[in-house]
Amino acid sequence: MLSDFKRGIVFQPVNSGLTGWKPIPLTNWRIDMRYLLIAMAILVGMNHSAVAADAVSIPCWTPHDFAFTTDTALENPFDTTFSAEVTGPQGTSFVLPGFFDGNGTWKVRVAPTAEGAWSLKTKSDLPALDGKTAAFTCIKNADPNIHGVLRVDTEHPHHFVYQDGTRFFMQAYEYDWLWALDTGKPNIPTVEASLDLLLEHGFNYVILNTYAHDTGWRKGKTGPDDFGPAPMYAWAGSNDAPDHTRMNVDFWQHYDKIMNALLRRGMQAHIFIKVYNKAVNWPAKDSPEEQMFFRWLMARYAAYPNVIWDFSKEAHNEKDLAYKQRWLTFIRATDPYKHLVTVHDDDVANDSGAYDELTDFRTDQHHKSQKGATDHQTILLQRNRRAWPVANVESDYECGPLGLEDKTYGQAMTAEATTRTLWSIAMAGGYIAYYYTYTAWDVIRPLDAPTGYTYMKHFGDFWRGTEYWKLAPTDSLVNHGWCLAQPANEYVVYQETAQPFTLDIAGADSTLSGEWFNVFTGQRTGAGEFGNGTAQLSPPKEWPDAPLVLHLKSKRDRN
């Protein structure tokens, strides 16, 4: 370009992104001086690092990559320190770790959180990457699926709310090996179709691993739908011969596609950072390589508003409590967006309060056959111990379409049994996660539509039609079944088996209208109107066997 400038030529940008140029002779003295200044700036600032382009506009809470390149030869680019100080409106300032993304390119992935002018400045031990700047403008986000980072509702602390105040009813789906689908493809058509199917049935929260290698119960390649051992390793090398000093960029660029697909659909990504029973060759505990891994996750995914961090699936397998607490502390300190943090299935530590200041809600797994208390009773105990959301994210496992022997794991339940369990959890004021045997682990049939999907669609439709965040467990109000209530305003009564029962109503200042709801069919039928006193209820005769729900709500609120 310097020789062109000497020959009397500058380059005019073809578009506002400055990605294309066309030559303009300098013989015309009326040339737009903007283009001359651009050319001079490029000549003055030209070096081996990328020059920041014009300020860009980024919708609020939307991840955006700022890339900086260098051709400096490095023995291991993953050893390079790289971060950026990000500043925004009203004194907002935070530091984001950056990451190497291959081909001499380092990135800072940023999501602005308030409308207005923003900027960033890089910091690195590599001079070619140090002190680089970029400016951007945060604009209003018009995407109806993006509402900011999920928070615990301070007014109703057993529930969640988005940053912009939108309510969130968690209807989770465990899909541990989701990232293994469409590996090596330029696009992710199977993932896209599978997520659309989940969304169609009300699921808005996906639980997945960062990486898992294989399962002991379906060890090795047992068929074309068996994705364990995993098709790619998260680090350089292989699971058998790993190089934990380097990340596998191809793996993580593929993982980015999964995260983007979830974000576009407004689906939360509950990320199990580690897992202890899936044959993974992890970096050594507290090693520099493990520190790089945790920092890598913060750098690549903290900017996504739909992230929930979880130290590990079944964290009780890690016996070193102080070690777990150190990494939870690191996540808190490193993630400037303050995403929700939890630890899965670590009962002793959770019950002792060891995570109370380090996590935001409790995620557990409990099975009726493994605990002295039922799932319903366990949720009640966990809610009473601390005012935070509680979730059983691993209860029953729905079998395949051929029946109870159609399974990938030792346990399997019918769709009806699975649904009953999930309702028992919800009726204690807890949140749930659905499992299907052919998507829960490494054997994946992503386009199956099991019976439970329809039941879960009815489940979500019902709860989103209530003021669930105001309802509290009050089983004492009924002589049969379970009850959630906002006394005098709204009542939800669940009956595992249909039979007459009584409901105590007090303090209502308007008539309550009632509706019966069939858990399996989604059918609704009127139940009459009610005022203060003890109501005598008899389930619809046409639903003699199905579990059903009575929903009473103030006529004023229902209208």
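Which residues touch the most other members of the largest nonpolar core? In this predicted model, they are L120, W179, W252, W309, W423 and W463, within a core of 146 residues. Helix α4 supplies the largest share of that core, nine residues. A second core lies apart from the first and has 21 residues, including A488, A535, W543 and L548. In soluble globular proteins, nonpolar side chains tend to be buried together.

**Overall make-up**

The protein has 559 residues, of which 56% are buried. Its secondary structure consists of 11 helices and 31 strands. Among contacts with a separation of 6 or more, 68% are between residues 24 or more positions apart.

**W179, Y255 and helix α4**

W179 is one of the residues that touch the most other members of the largest core. Leaving out residues up to four places away in sequence, W179 touches L208, N209, T210, Y211, A212, A230, F251, H254, Y255 and I258. One of these, Y255, sits in helix α4, which spans residues 249-264. Y255 counts as buried because its relative accessibility is 1%, under the 20% cut-off. With the same sequence neighbours left out, Y255 touches W179, L208, N209, T210, I271 and Y301. Y255 and A180 are 75 residues apart in sequence, yet their C-alpha atoms are 8.7 Å apart in space.

**Strand β15 and its partners**

Strand β15 covers residues 205-209, and five of its five residues are buried, so the strand is largely enclosed by the rest of the structure. In a regular strand the side chains alternate between the two faces of the sheet. In β15, Y205, I207 and N209 are on one side, while V206 and L208 are on the other; all are buried, and both faces are covered. L208 and N209 also appear among the contacts of W179 and of Y255.

β15 runs parallel to strand β14 (residues 171-174), to which three bridges join it. The bridge partner of A172 in β15 is Y205. Between β14 and β15 the chain passes through helix α3 (residues 189-200), in a right-handed β-α-β crossover. β15 also pairs with strand β18 (residues 268-275), again in the parallel sense, over five bridges. Here V206 stands opposite A269.

**A five-stranded sheet**

Another part of the model holds an open sheet of five strands in the order β3-β10-β9-β5-β6, with mixed pairing. β3 (56-59) and β6 (93-97) stand at the edges; each has a single partner strand, so one side of each lacks a neighbour in the sheet. From one strand to the next, the twist averages 30°. At the β3 edge, the pairing with β10 (residues 133-139) is parallel and includes four bridges. V56 has F136 as its bridge partner in β10.

The parallel pairings described above are set out here.

| Strand pair | Bridges | A bridge partner pair |
|---|---|---|
| β14 and β15 | three | A172 and Y205 |
| β15 and β18 | five | V206 and A269 |
| β3 and β10 | four | V56 and F136 |

**D396 in a loop**

Is D396, in the loop between β22 (390-392) and α9 (415-426), buried or exposed? D396 counts as buried, because its relative accessibility is 7%, under the 20% cut-off. Its side chain makes a polar contact of 2.6 Å with the side chain of T421.

How values were computed
Residues numbered from 1 in each chain as written. Predicted model: local features only at pLDDT ≥ 70, side-chain atom pairs only at ≥ 80, totals over all residues. Heavy atoms only, no water. Helix = DSSP H or I, 4+ residues; strand = E, 2+ residues; numbered from the N terminus. Buried < 20%, exposed > 50% of the residue type's maximum accessible area, 1.4 Å probe, protein only. Contact = heavy atoms within 4.5 Å. Polar contact = N/O pair within 3.5 Å; in protein donor to acceptor, adjacent residues only side chain to side chain. Pairing = 2+ DSSP bridges. Right-handed = clockwise from strand over helix to strand, strands pointing away. Axes fitted to C-alpha atoms, helices over the stretch in contact; angles between N-to-C directions. Core = buried A, V, L, I, M, F, W, Y, C linked by side-chain atoms within 4.5 Å.
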